[in-house]
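Work through the exercises below with the structure open beside you, and try each task before you read its solution.

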Amino acid sequence: MRLGTVPSAAYDDLPYTRGGAVDRAEVGALVQSAVDGDAAAWKALVEGLSPLVWSVVRAHRLSDADAHEVYQTAWFRFAQHLGRIREPDKAGSWLASTARHECLKVLKNLRRLTPTDDPQLLDRVSEDRTPEESLLDSEDAAAQSERVRRVWQEFEELGDRCRQLLRVLMSSPPPSYQEVSAALGIAVGSIGPLRQRCLRRLRARLDARGAL
Amino acid sequence: MNDDTTHEDYRDTLLEEELRRAAAILDPVPAELTRIAVDAYALHDLDARIAELTFDSVTDAIPVRGATDVPRMLTFTAGEVTVDVEVTGEGLLGQVLPPQPAGIEVLGGPQQTRSLTADTMGRFTTDTPVTGPFALRLRTGGEVVVTEWTRA
């Protein structure tokens, strides 16, 4: 998978392929096909960009109810504006930015605010199994599963700035830096250095717990 | 760039991949939400004019000291047509400007619609509370106007 015009030196220097369902360079073409009535193109857009929208919402730590509503609002608005989006190849940034603004509204509207320090989150997975998790189960995965939980727990305990950035960066397929910028309102140029600092902070925490 | 730096960058990348896998396992997009987003294709409507949200009391109003539970005020604008909406616990209270009768659908998502009418003065009300994302689809004269999707 190739990534159009992403100024992400931190990635480009590495033997690292960004895997994923939608090639970001194809997003513009998919938007055009969807405008022309191709429902399959719309579905491909949803599958490729839905994790990004969800990551933006989760990065802002809304309650589950608010998170669901913001996610839906972003997609409804995207569908509504479909034929009028000026830069169709930047649909990911459009969605990320729309989701961000809705998140900020929720946070501003304090009476609705209930932060998700959801202690259930880690336990909940056992009820609703994702394909990835079933895969983990089918392998001799107790240790791996433990590692995943450990990484997640340390990630959740990072400071707000790092937690936000990493939550968006970890969406799948990996977002472009323009999308991350739209999702969090930070300059594209500051993402690389901040990413490095946050990942190293997380690594240090994991090392300190002897988890590596 | 020396080898150490490259190695460190590589470890960063591995950790990011690990986080990506963890997110897919522990915090994936709920399946029902993906389904709703797929269904949202039905909401794309090339014939309607979009009335943009031009005022929202949550972001644009100066808070009144001591006032709690103030109603949410929204204004949508499409050219010369304006729709003012007040969201209360009981429902919506609205005004189409310039004043004119209109057929109005309250959309709550790809599958949810309720119909009502604005009187000759352009006033309309709903008697059931609106929660979550909503949009109004107005027919006035020969024109269809849809308000931007917004959360109530």
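**Exercise 1. Strand pairing in chain B**

Which residue of S7(B) is the bridge partner of B:Gly94?

Before the solution, some conventions are needed. This is a predicted model, in which local features need pLDDT of at least 70 and side-chain atom pairs count only at pLDDT 80 or more, while totals for chains, interfaces and linings use all residues. Residues are numbered from 1 along each chain as its sequence is written, and chains are lettered from A and ligands numbered from 1 in the order in which they are written.

Solution. Step 1: locate the strands, which, like helices, are DSSP runs numbered from the N terminus (helices are H or I with at least four residues, strands are E with at least two). Strand S4 of chain B covers residues 92-97, and strand S7 of chain B covers residues 123-125. Step 2: check the pairing, for which DSSP must find at least two bridges between two strands; three bridges join S4(B) to S7(B), and the two run antiparallel. Step 3: read off the partner of B:Gly94, which is B:Phe124.

Now turn to the pairing of S4(B) with strand S3 (residues 81-87) of chain B, and describe it.

Solution. Step 1: S3(B) and S4(B) run antiparallel and are joined by six bridges. Step 2: within this pairing, B:Val83 has B:Val96 of S4(B) as its bridge partner. Step 3: the hairpin of S3(B) and S4(B) has four residues between the strands, and B:Gly91 in this hairpin takes a positive phi near 160°.

**Exercise 2. Two faces of a strand**

Which side chains of S4(B) point to the buried face?

Solution. Step 1: call a residue buried if 20 or more other C-beta atoms, placed from the backbone, lie within 10 Å of its own (exposed means 12 or fewer, and partly exposed is in between). Step 2: follow the side chains along S4(B), where they alternate: B:Leu92, B:Gly94 and B:Val96 point to one face and are buried, whereas B:Leu93, B:Gln95 and B:Leu97 point to the other and are not.

**Exercise 3. The interface and helix H4 of chain A**

Which element gives the largest share of the side of chain A that touches chain B?

Solution. Step 1: count residues in contact, meaning that their C-beta atoms, placed from the backbone, lie within 7 Å; 49 residues of chain A are in contact with 41 residues of chain B. Step 2: the largest share of chain A's side, eleven residues, comes from H4(A). Step 3: this side divides into 26 nonpolar, eleven polar and twelve charged residues, where Ala, Val, Leu, Ile, Met, Phe, Trp, Tyr, Cys and Pro count as nonpolar, Asp, Glu, Lys and Arg as charged, and the others, Gly among them, as polar.

Step 4: look at the helix itself, in which 14 of 18 residues are buried. The 18 residues of H4(A) should span 26 Å at 1.5 Å a residue, and the end C-alpha atoms are 26 Å apart, which agrees; the expected span is 1.5 Å times one less than the number of residues.

**Exercise 4. Confidence**

What are the mean pLDDT values of the two chains?

Solution. Step 1: pLDDT is the predictor's confidence in each residue, from 0 to 100. Step 2: chain B has a mean of 91, with 94% of its residues at 70 or more, and chain A averages 82, with 73% scoring at least 70. Step 3: in chain A, pLDDT stays under 50 over residues 1-21, and pLDDT is also below 50 over residues 111-127. Step 4: the model as a whole scores ipTM 0.92 and pTM 0.84.

Technical notes. Two residues are in contact if their C-beta atoms, placed from the backbone, lie within 7 Å.
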